[in-house]
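Morning, everyone. I have one structure to walk through today. Please put it up on the screen.

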Amino acid sequence: MDYIKTQLNNTLDKVNLNISGEYYKGKVRDNYFIDDKVVMVTSDRVSAFDHVLGTIPFKGQILNEIALFWFDKTKDIVPNHIISSPDPQVLLAKKAKTLPVEVIVRQYITGSLWREYSSGINGQYGFMLPENLVQNQEFDKPILTPSTKAEYGLHDEPISKQEIINSNLVSKEIYEKAEEYALNLFAEGQKWADSQGLILVDTKYEFGIYQGELIVIDEIHTPDSSRYWVKDGYEERFKKGEPQLMLDKENIRQWLIDKNFSGEGTPPELSDDIRILLSQKYIELYQKLTGKDFVPSIGDVSERINENLTKVNLI
């Protein structure tokens with residue numbers, strides 16, 4: 001994968017598009033609003049513990065293409081916001097009114113939930129987890145652990161379904177529909193991942209209202225919003241208390257934790273080695289998940305995006 005090293009200095013941190021109107025920059029995406037549509041540019045930025053850390057070669061292309069793969073696969077299950085994709089790192093989508101909460105579905109106790117649980121935090125989602133759970137243990141059925149959707153630079157916070165409804169963040173009817181959609185999407189994701197030799201461990205979904213209809217937005221089942229493990233050997237690794245083989249962003253979280261950073265202070269600078277490793281993990285997931293070879297778009301990403309959006313008269 002020599003092309004990853006070649007792309008280290010060509011990653012997309014930011015792009016300037018000649019689009020007038022509202023603009024919003026998130027941790028990973030730059031959104032340009034045109035009437036009732038949004039041009040979503042998926043950068044190569046990587047974030048963890050609410051800090052933008054740097055860029056990863058081809059990350060934006062992989063996220064965008066995996067999101068498109070899943071939106072197409074699940075469009076008959078849950079309506080989504082996709083209109084088209086004029087560039088490997090750009091979505092043209094419906095401009096929905098975003099719900100102020102994220103719906104997170106988990107099949108295993110790992111990641112942030114394990115870190116909370118093992119430090120004695122329980123009940124923050126309106127129910128108690130059983131005692132004596134072990135890291136990476138599977139739940140009998142998926143659980144829902146919603147969070148607030150914080151502004152850029154702030155922390156998402158755990159919240160219960162009842163708090164969401166009682167505080168009028170989201171109406172009972174809409175939130176319960178979002179839960180239903182999330183569980184249906186997760187079941188479809190699990191089934192497909194299993195057929196590809198993977199485990200869809202957990203994921204987050206964002207929803208919005210478009211023309212009175214609840215739709216799923218942002219991205220689904222990407223290695224940024226989801227956790228994937230290699231299925232083969234899961235049980236053996238679990239019984240031995242060994243880490244699972246991860247093909248997602250948890251690799252960089254673990255790298256940061258190993259360097260004694262978990263959100264407070266200034267994060268360490270990303271080495272080229274970890275940037276290359278994460279790119280390799282994302283590419284491996286792309287190929288396992290889609291069953292297709294990854295075809296990298298090499299070169300100046302910003303220039304390519306401007307050219308492609310000009311061709312379709314978006315700029």
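I will take the sheet, then the helices on it, then the empty spaces.

One caution before that. This is a predicted model.

Start with the sheet. It is open and has five strands. The order reads β1-β2-β3-β7-β6. The pairing is antiparallel. Which strands stand at the edges? They are β1, residues 23-25, and β6, residues 82-87. Each of these has a single partner strand, so one side of each is left without a neighbour in the sheet. From one strand to the next, the twist averages 20°.

Now zoom in on one pair. Strand β2 covers residues 29-34, and strand β3 covers residues 37-42. How many bridges join β2 and β3? There are six, in the antiparallel sense. For a concrete handle, pick Tyr 32. Its bridge partner in β3 is Val 39.

Next, the helices. Helix α2, residues 59-74, packs on the sheet. It touches β2, β3, β6 and β7, the last of these being residues 90-94. The direction of α2 makes about 150° with that of β6. Then there is helix α9, residues 301-311. Helix α9 lies across β3, β6 and β7. It runs at about 125° to β6.

On to the empty spaces. How many cavities of 30 Å³ or more are there? The count comes to one. About 60 Å³ of space lies in the largest cavity. Its lining includes Leu 113, Glu 116 and Tyr 117. Ile 121, Phe 127, Leu 129 and Ile 143 are also among the lining residues. Which element gives the largest share of that lining? It is α3, with three residues. By class, the cavity lining has seven nonpolar, four polar and one charged.

Last stop, the second largest pocket. Its volume is about 330 Å³. The lining of this pocket takes in 19 residues. Which of them lie nearest its centre? Thr 110, Gln 135, Asn 136, Pro 243 and Gln 254 do. Four elements each supply at least two lining residues: α3 (111-118), β14 (226-230), α6 (234-240) and α7 (250-258). By class, this pocket's lining has seven nonpolar, seven polar and five charged residues.

Note that α3 turns up in both places. It contributes to the cavity lining, and it contributes to the lining of the second largest pocket.

That is the tour. Over to you for comments.

How values were computed: Residues are numbered from 1 along each chain as its sequence is written. This is a predicted model: local features need pLDDT of at least 70, side-chain atom pairs count only at pLDDT 80 or more; totals for chains, interfaces and linings use all residues. Side-chain values use heavy atoms; hydrogens and water are left out. On a 1 Å grid over the protein atoms alone, a cavity is a set of points where a 1.4 Å probe fits but cannot get out, and a pocket is an open set with protein on both sides within 12 Å along at least five of seven lines; lining residues have an atom within 4 Å of a point. Grid points are joined across faces, edges and corners, and a volume is the space filled by probe spheres set on the points. Ala, Val, Leu, Ile, Met, Phe, Trp, Tyr, Cys and Pro count as nonpolar, Asp, Glu, Lys and Arg as charged, and the others, Gly among them, as polar. Two strands pair if DSSP finds at least two bridges between them. Axes are lines fitted to C-alpha atoms, for helices over the stretch in contact, and angles run from 0 to 180 degrees between N-to-C directions. Contact means heavy atoms within 4.5 Å.
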